[in-house]
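User: Please take a close look at a single part of this structure and describe it in one connected account.

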Amino acid sequence: MNPKDEHIVKMWTPLHFSTPLNYNYFPKNPVFRLLNFLLRQIVYLIGPAALRLICGLRVVNKEKLKTLPKKAVTVCNHVHMLDCCVIACCMNRRRLCIPTLESNFCIPVLRWLIRLLGGIPLPTKTRTFRQMHEALIRHINEGHLVHVYPEGILYPRYNGIRKFKRGAFSLAYDCNVPVIPYVIRYVKPEGWQRFFHHKPVMRLYILDPVYPDVSKNKREETIRLCNEVHTRMEDVFV
């Protein structure tokens, strides 16, 4: 049985934040961009080793990273607090934008780290959401990646694929770029990992891109794209 679509992990959110109209999703301020660059280099430097140690992470189909499209929407199941770092460390030092819940911007200190590392708030109001969607289209068209969790909600260590929302696939259609599926699966530790991990360890699977057909009706093609990606990701658990 799939878990309910509710927040399983409760974070301390003493601050208030609501994405305003005309929010600056991608600041051009040189100080911000410098801090963004430096923090990303730190993550890329220590992240892979830390994730192998903490989560037992191994990457499957790593050779696919060599042919990673310049522009794309990436998706992954949401099963760990650090899975955004898992994805970022497998992007060959590419900039990665990750839309995240507004509530994460209500956490002291962490909200600034999220912002500096490429996180942007996911608005709940319709008009503001449209502005974010337009900003993401421009960002992708400039040659960047946007990472989306189509399940929406973090469900720690869940071994399976839950129901998808279609926002990521609508964005891919609007930009005429592929969706690159990533899958995190927990498996029984083997070999030397058995001495360091008593719980299942993390495997990250990199799948082939799935392309939209923009000559077809947007709604029908978005549904088709969503269903095909969902099926391919489910097949990892078969």
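Analyst: The account below concerns a helix pair, the loop after one of its members, and a buried side chain. The model is predicted, with local features requiring pLDDT of at least 70 and side-chain atom pairs pLDDT 80 or more, while totals for chains, interfaces and linings use all residues. Residues are numbered from 1 along each chain as its sequence is written, and side-chain values use heavy atoms, without hydrogens or water.

Helix 5 (residues 167–175) and helix 6 (residues 218–235) have axes that come within 9 Å and cross at roughly 120 degrees (helices are DSSP runs of H or I, at least four residues; strands are E, at least two; axes are fitted to C-alpha atoms, for helices over the stretch in contact, with angles from 0 to 180 degrees between N-to-C directions). Helix 5 is therefore oblique to helix 6 (not under 35, over 145 or 65 to 115 degrees). Helix 5 contributes Phe169, Ser170, Ala172, Tyr173 and Asp174 to the contact, and helix 6 contributes Lys218, Glu221, Thr222, Leu225, Cys226 and Val229 (contact: heavy atoms within 4.5 Å).

Asn176 lies in the loop between helix 5 and strand 6 (179–187). Its phi is positive, about 55 degrees, although Asn176 is not a glycine. Most residues other than glycine have a negative phi. Asn176 is partly exposed, because its relative accessible area is 46% (buried: under 20%; exposed: over 50%; partly exposed: in between; 1.4 Å probe, protein chains only).

Asn77, in the loop between strand 2 (72–76) and helix 2 (83–88), counts as buried at 0% relative accessibility. A polar atom of the Asn77 side chain lies 2.8 Å from the backbone oxygen of Ile184. Beyond neighbours within four places in sequence, the contacts of Asn77 include Tyr182, Val183, Ile184 and Met233.

Notes. A polar contact is a pair of N or O atoms within 3.5 Å; within protein, one must be able to donate a hydrogen and the other to accept it, and residues adjacent in sequence count only if both atoms are side-chain atoms.
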